[in-house]
Amino acid sequence: GVTVTGAEEKEPTVEVEAPLSVTRTESRVLAEGDGAAIAKDDLVTLQAVLVNGKDGKTVTSTWKQGTVGLDLGAADLFASFKSQIPGKKIGSRILIASTPADAYGDTGNQQLGIAKDDPVVFVLDLVGVTQVLDTAEGTAVAPKKGLPTVAVTDGKPATITVPKGVKAPTKTVVQPLITGTGAEVKKGQTIRVAYTGALYRNGEVFDSSASRPEQP
């Protein structure tokens with residue numbers, strides 16, 4: 001009931017013989033890549049076309065704005081993604097036919113026009129993958145004199161100590177504390193971070209992702 005056409009690395013055309021009946025979530029590899037196999041808790045970069053299985057209409061496509069990142073280990077991610085993407089190879093184009101429950105659950109998605117009983121068809125191009133780091137990795141860098149110092153304990157907000165008698169900077173200062181070995185972050189990318197924010201005047205933490213590890 002689903003036909004996918006179009007060249008690889010280009011936005012595919014997805015046609016659905018609506019209304020589509022999906023009694024269990026299934027997937028099919030349309031074109032297999034030669035990259036690494038994806039693990040169940042990896043970060044995946046992908047392009048996606050999403051079609052409402054009830055009426056066959058394409059409701060959204062990431063090809064308009066660029067790739068998106070998914071954390072397969074996130075508790076709130078679609079069950080259809082968590083069950084069907086792991087094991088697939090990077091570079092692949094895959095089709096997922098999802099039950100309503102495994103996509104938007106009991107609420108549907110009003111913004112996209114998907115009701116709670118509508119099945120959903122995803123066509124995904126799996127572009128890249130990386131593993132989630134528990135903490136920053138690389139070469140430690142001592143901050144310049146007069147800047148705050150930082151102590152990090154796993155699972156807790158960072159402790160940021162502001163030096164006494166030093167005025168706050170009038171311009172933003174960026175001081176690496178650990179220089180990693182990964183790819184350079186570029187403008188326009190979506191990145192996953194763990195962070196702690198504190199007030200300069202007293203080092204008081206006002207927010208930290210360590211307080212909600214399920215939502216970096």
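These legends go with close-up views of a predicted model.

**View 1. Here we zoom in on S92 and its surroundings.**
You'll find S92 in the loop that runs between α1 (79–84) and β7 (93–98). Is this residue buried or exposed? With a relative accessibility of 2%, S92 counts as buried, because the cut-off for that label is under 20%. Look around it and you'll meet some residues from elsewhere in the sequence: leaving out residues up to four places away, S92 touches V29, A31, E32, G33, L124, D125 and L126.

**View 2. Now look at the polar contacts made by the side chain of S92.**
Which backbone nitrogen does the side chain of S92 reach? That would be the one of G33, at 2.8 Å. There's also a backbone oxygen to spot: the one of K89 lies 2.7 Å from a polar atom of the S92 side chain.

**View 3. Next up are the rings of F78 and F122.**
The structure has four aromatic pairs, and here is one of them. The ring centres of F78 and F122 sit 5.7 Å apart and the planes meet at 40°, so this pair is called tilted. F78 belongs to the loop between β6 (68–71) and α1, while F122 is part of strand β8 (residues 120–130), so the pair ties together parts that are 44 residues apart in sequence. Both partners are tucked away: F78 counts as buried at 18% relative accessibility, and F122 is buried too, with a relative accessible area of 2%.

**View 4. F122 shows up again, this time with F81.**
How are the rings of F81 and F122 arranged? They're edge-to-face, with 4.8 Å from centre to centre and 65° between the planes. This pair links distant parts of the chain, as F81 is in helix α1 and F122 in strand β8, 41 residues apart. F81 and F122 are both buried. Step back a little and you can trace a cluster, in which ring pairs link F78, F81, Y104 and F122.

**View 5. Last, a look at strand β2 and its partner.**
Which way do the side chains of β2 (residues 13–16) point? They alternate: V14 and V16 point to one face and are buried, whereas T13 and E15 point to the other face and are not buried. Alongside is strand β1 (residues 2–5), which pairs with β2 in the antiparallel sense over four bridges. To pick out one bridge, find T5, whose bridge partner in β2 is T13.

Notes: Residues numbered from 1 in each chain as written. Predicted model: local features only at pLDDT ≥ 70, side-chain atom pairs only at ≥ 80, totals over all residues. Heavy atoms only, no water. Helix = DSSP H or I, 4+ residues; strand = E, 2+ residues; numbered from the N terminus. Buried < 20%, exposed > 50% of the residue type's maximum accessible area, 1.4 Å probe, protein only. Polar contact = N/O pair within 3.5 Å; in protein donor to acceptor, adjacent residues only side chain to side chain. Contact = heavy atoms within 4.5 Å. Phe/Tyr/Trp six-rings, centres within 6.5 Å; stacked < 30°, edge-to-face > 60°. Pairing = 2+ DSSP bridges.
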